Amino acid sequence: MPELASREHVRAIVPVVREALEQAQTRLEDLTAIAVTQGPGLVGSLLVGLTYAKALAYAKGLPLIGVHHLEGHIRAALLGVDIAYPALALIASGGHTHIFECLAEGHYRLEGKTRDDAAGEAYDKVAKLLGLGYPGGPVIDRLAAQGNPRAVRFTSPKLKGNPSDFSFSGLKTAVLRWVEARRLNGPFDPTTDPATLDMLASFQYTVISELLNRAGQAATRIGAKALVISGGVASNRGLREEVGRRQWDFPVYFPEPRWSTDNGVMIALAGHYRWQLGLRSGLDLKPQANLPLAQIK
Ligand code: KG4
Ligand code: ZN
């Protein structure tokens, strides 16, 4: 609900910034620059953030730096590490399931993306179907750990064309059919019903396999020297364990789990990187709902 989201942003932005400054024991006067998300995203929410950031930057005489939301997700995984290039980045969140080739630092090329739902969206829809609330990822992650991932055979989608593309809508429909059939046997509590726990474990196993198989194959194809996995779904415990079991000949980098889901730190990190390159935005910076991630400089 875009209109509601914008209003919530208006309501939250002042107290959130105040609280962040308090927690960091710092003042606006001590900052070097203001980084803000330019896109992609809901235009109303972006507009609230941009307007507030511009006002702060103008009032305090600080440089303004517009950043790409996905660049933030990638930067969150690279704090304090120097990776080798070319690298591959998989970003799996509620709005995106994208693979980028990073030819050099700050140089991105879209390798593939979902053709329908994002991976996080599939988690959220399955959770909604079972009345498990929002966001669906963390609760399904927890419940899936109690089930057998091989109990239900969900098939991998047959996609023609780009092997780095994803599709999760078929899996979502398969889960819907499974739940409908289960309901015929009477009411059940999805948090304790053994059959549902098995189904959720199998659902999670299928999502993780899709993500890691396609990203792993793309990384091998381009001769990647590193794989970065970020976005809300990257905090999934099952996914992190599965990465540990894969025998890839390139290292894998994750953000700390709390910096995998959307956060301000990742935007500050992306802003810091641009600031170091001498990049600044003007006060005419505009929100871009569909901003592509491309070469920075
Ligand atoms: O990156 P993010 O915070 O926001 C977007 O940019 O979309 O990602 C949120 C998404 C939600 O769909 C949420 O269900 C999913 O990430 N998510 C997870 C987990 N934690 C959050 N998915 C799977 N396992 C998790 N542990
Ligand atoms: Zn995000």
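Helices, in the sense used here, are DSSP runs of H or I with at least four residues, numbered from the N terminus. In this predicted model, helix α7 is followed by G223, a residue whose phi is positive, near 70 degrees. Helix α7 itself comprises the 29 residues 194-222, which at 1.5 Å a residue should span 42 Å, and the 42 Å between its end C-alpha atoms agrees with that expectation.

**The zinc ion**

The zinc ion (ligand 2) is coordinated by H69 through NE2, by H73 through NE2 and by D262 through OD, at 2.0 to 2.1 Å. Along the sequence these donor residues follow the spacing H-x3-H-x188-D. Because H69 and H73 are 4 residues apart in helix α3, about one helical turn separates them. An α-helix has 3.6 residues a turn, so residues three or four places apart point the same way. Around the zinc ion the 4 donor atoms subtend angles of 96 to 146 degrees, and the arrangement is therefore irregular; four donors would count as tetrahedral if all angles lay between 85 and 135 degrees. For comparison, the ideal angle for four tetrahedral donors at a metal is 109.5 degrees.

**The surroundings of ligand 1**

Ligand 1 has 21 residues around it, of which G94, D124, G137, N236 and D262 come nearest. D262 is also one of the residues that coordinate the zinc ion. Polar contacts of ligand 1 with three residues are set out below.

| Atom of ligand 1 | Partner in the protein | Distance |
|---|---|---|
| Nitrogen | N or O atom in the side chain of N236 | 2.9 Å |
| Oxygen | Polar backbone atom of G120 | 3.1 Å |
| Oxygen | N or O atom in the side chain of H69 | 3.3 Å |

The protein covers 89% of the 560 Å² of accessible area that ligand 1 has on its own. Two or more residues of the shell are given by each of the elements α3 (69-77), α4 (119-129) and α5 (136-144), and α5 provides the largest share, with 4 residues. By character, the shell consists of 4 nonpolar, 14 polar and 3 charged residues. H69, whose side chain is in polar contact with an oxygen atom of ligand 1, also coordinates the zinc ion through NE2.

**Backbone features in the loops**

Most residues other than glycine have a negative phi, and most peptide bonds are trans. Against that background, Y85 and P86 are joined by a cis peptide bond with omega of about 0 degrees, and P86 is found in the loop between α3 and β3 (87-92). The peptide bond from Y134 to P135 is likewise cis, with omega near -10 degrees, and P135 lies in the loop between α4 and α5. Q25, although not a glycine, has a positive phi of about 50 degrees; Q25 belongs to the loop between α1 (2-23) and β1 (34-39).

Definitions and conventions. Residues are numbered from 1 along each chain as its sequence is written. Chains are lettered from A and ligands numbered from 1 in the order in which they are written. This is a predicted model: local features need pLDDT of at least 70, side-chain atom pairs count only at pLDDT 80 or more; totals for chains, interfaces and linings use all residues. Side-chain values use heavy atoms; hydrogens and water are left out. The expected span of a helix is 1.5 Å times one less than its number of residues. A residue is near a molecule or strand if one of its heavy atoms lies within 4 Å of it. A polar contact is a pair of N or O atoms within 3.5 Å; within protein, one must be able to donate a hydrogen and the other to accept it, and residues adjacent in sequence count only if both atoms are side-chain atoms. Accessible areas come from the Shrake-Rupley method with a 1.4 Å probe; for residues, only the protein chains shown count as cover. Ala, Val, Leu, Ile, Met, Phe, Trp, Tyr, Cys and Pro count as nonpolar, Asp, Glu, Lys and Arg as charged, and the others, Gly among them, as polar. Donors are N, O and S atoms within 2.8 Å of the metal (3.2 Å for Na, K and Ca); water is not among the atoms, so sites may look incomplete. Four donors count as tetrahedral if all angles lie between 85 and 135 degrees; four count as square planar and six as octahedral if opposite donors are over 155 degrees apart and all others between 65 and 115; anything else is irregular.
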